[in-house]
Amino acid sequence: MTNYQAVMMGSPIRLSLSRSNPQRARAVFQLIKQQETLLSANRDDSRLMAVNRAAGDRPIVVPAALFQLVALAQQISLLPGSLFNLTIGPLVKTWRIGFAGHSPPPIQQILDSMLLIDPHDLVLDPENQSIFLRKKGMEIDLGAIAKGYIADKICQYLAEQQEPFALINLGGNIHTLAHPECGPWQVGLQKPFATAQTLSARLAVSGRSVVTSGVYERCFLYQQQRYHHILDSRTGYPLDNDLLSVTVISDSSLIGDIYSTLLYGMGLEGSLAWLKHHPELEAVMITRDNKVICSSQRHFQCHVIDENQ
């Protein structure tokens, strides 16, 4: 097995292939670059930024892949009680958590940004394959699902190239293709607010995606209160409940991205109840008292390292 690394999309990228194949690794990194140009809300040359710049002015015709992804994201955003919101960009920029934000923004700024984050104000025209944001200042932010979409594309490409097994890690968003001869891939779950090397659990997976949403990933402490990057569109503030992280194990990294956010919004009891009726998805949740709780273990194995570290 051979590992390749790069820094893209603002994150460290790790690719593990069954054997040395620099040409295939270059093709994977080129695929990531192409998708980033399509989906990024942080690059002036991306097609998504063209849509955002035209907000309140005119619809923008976009490639089919971007149109379909935005349509899916809007559908998820409009689910009753959904924490996911693809138009949350203005609120994210107001808080700037993980960028330059180190204190809560003024209340008026939060209220102003909340006028621009209604997913109903995003108009899709399937016939012309165009996207229109009704209000000037609105922005689509696909950051919550872009890595999952790209990870799925990479695994699809590697399968088409008949790669025996592989792992792609897009800055913590992991997708696996089959597994090495020695057994399943071992994926560590970081203990919240601990060092990156300190784990709460280790997952054994094969041919599955592992995606985590956690309040410890990007946050700041202000006047003894912690503010994290998972924002609630209904209040304008970070959503706090009994969970520190939700990790979704599924066959699609895009689905993992979506439901790690949705399940976090449901809280522990709500997530476990919902997952009972959706056996295609499994989750590992870490609670505020650092307990590790698995909804089930049909498609992976979870080894809890030490809940009391």
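A salt bridge is here a side-chain nitrogen of Lys or Arg within 4 Å of a carboxyl oxygen of Asp or Glu. The exercises below concern a predicted model.

**Exercise 1. Salt bridges**

Task: Establish what joins the side chains of aspartate 289 and lysine 291, and which residues are joined into one network by salt bridges that share partners.

Solution: Begin with aspartate 289 and lysine 291, whose side chains meet at 3.5 Å, N to O; because the cut-off is 4 Å, the contact counts as a salt bridge. Aspartate 289 is partly exposed at 48% relative accessibility, and lysine 291 is likewise partly exposed at 41%. Salt bridges that share partners join Asp121, Arg134 and Lys135 into one network.

Turn next to one pair of that network, arginine 134 and aspartate 121, whose side chains form a salt bridge at 3.6 Å, N to O. Arginine 134 belongs to the loop between β5 and α6 (146-160), whereas aspartate 121 belongs to the loop between α5 and β4, so this pair ties together parts that are 13 residues apart in sequence. Arginine 134 is partly exposed, with a relative accessible area of 45%, while aspartate 121 has 12% and is buried.

A further salt bridge, at 2.9 Å, N to O, links the side chains of aspartate 57 and arginine 58. Here aspartate 57 is exposed, at 55% relative accessible area, and arginine 58 is partly exposed, at 42%. Over the whole structure, the search finds eight salt bridges.

**Exercise 2. Backbone angles in two loops**

Task: Determine in which loop glutamine 129 lies and in which loop glutamine 223 lies, and classify each by accessibility.

Solution: Glutamine 129 is placed in the loop between β4 (122-125) and β5 (130-133), and its phi is positive, about 55°, although the residue is not a glycine. Its relative accessibility is 27%, so it counts as partly exposed. Glutamine 223 occupies the loop between β11 (219-222) and β12 (225-228), and there too a residue that is not a glycine has a positive phi, of about 50°. With 67% relative accessibility, glutamine 223 counts as exposed.

**Exercise 3. A serine in a loop**

Task: Decide whether serine 18 is buried or exposed, and state what separation is found between its C-alpha atom and that of threonine 2.

Solution: Locate serine 18 in the loop between β2 (11-17) and α1 (22-39). Its relative accessible area is 14%, and since buried means under 20%, serine 18 is buried. Although serine 18 and threonine 2 stand 16 residues apart along the chain, their C-alpha atoms are separated by 6.4 Å.

**Exercise 4. A surface patch and a pocket**

Task: Identify the residues that form a nonpolar patch with Leu111, and describe the lining of the second largest pocket.

Solution: The patch on the surface consists of Ile107, Leu111 and Tyr237, which together have about 280 Å² of accessible area. Of these, leucine 111 sits in helix α5 (residues 107-114) and is partly exposed, with a relative accessible area of 44%.

For the second largest pocket, the volume comes to about 190 Å³. Its lining comprises 14 residues, of which Ser77, Ser82, Asn85, Pro119 and Ser233 are the closest to the centre. Divided by character, the lining holds five nonpolar, six polar and three charged residues.

Technical notes. Residues numbered from 1 in each chain as written. Predicted model: local features only at pLDDT ≥ 70, side-chain atom pairs only at ≥ 80, totals over all residues. Heavy atoms only, no water. 1 Å grid on protein atoms, 1.4 Å probe; cavity = no way out; pocket = protein on both sides within 12 Å on 5 of 7 lines; lining within 4 Å. Points joined across faces, edges and corners; volume = space filled by probe spheres on them. Nonpolar A, V, L, I, M, F, W, Y, C, P; charged D, E, K, R; others polar. Patch = residues over 30% accessible without salt bridge, like charges linked within 9 Å, V, L, I, M, F, W, Y side chains within 5 Å. Areas by Shrake-Rupley, 256 points an atom, 1.4 Å probe, with all protein chains shown as cover. Helix = DSSP H or I, 4+ residues; strand = E, 2+ residues; numbered from the N terminus. Buried < 20%, exposed > 50% of the residue type's maximum accessible area, 1.4 Å probe, protein only.
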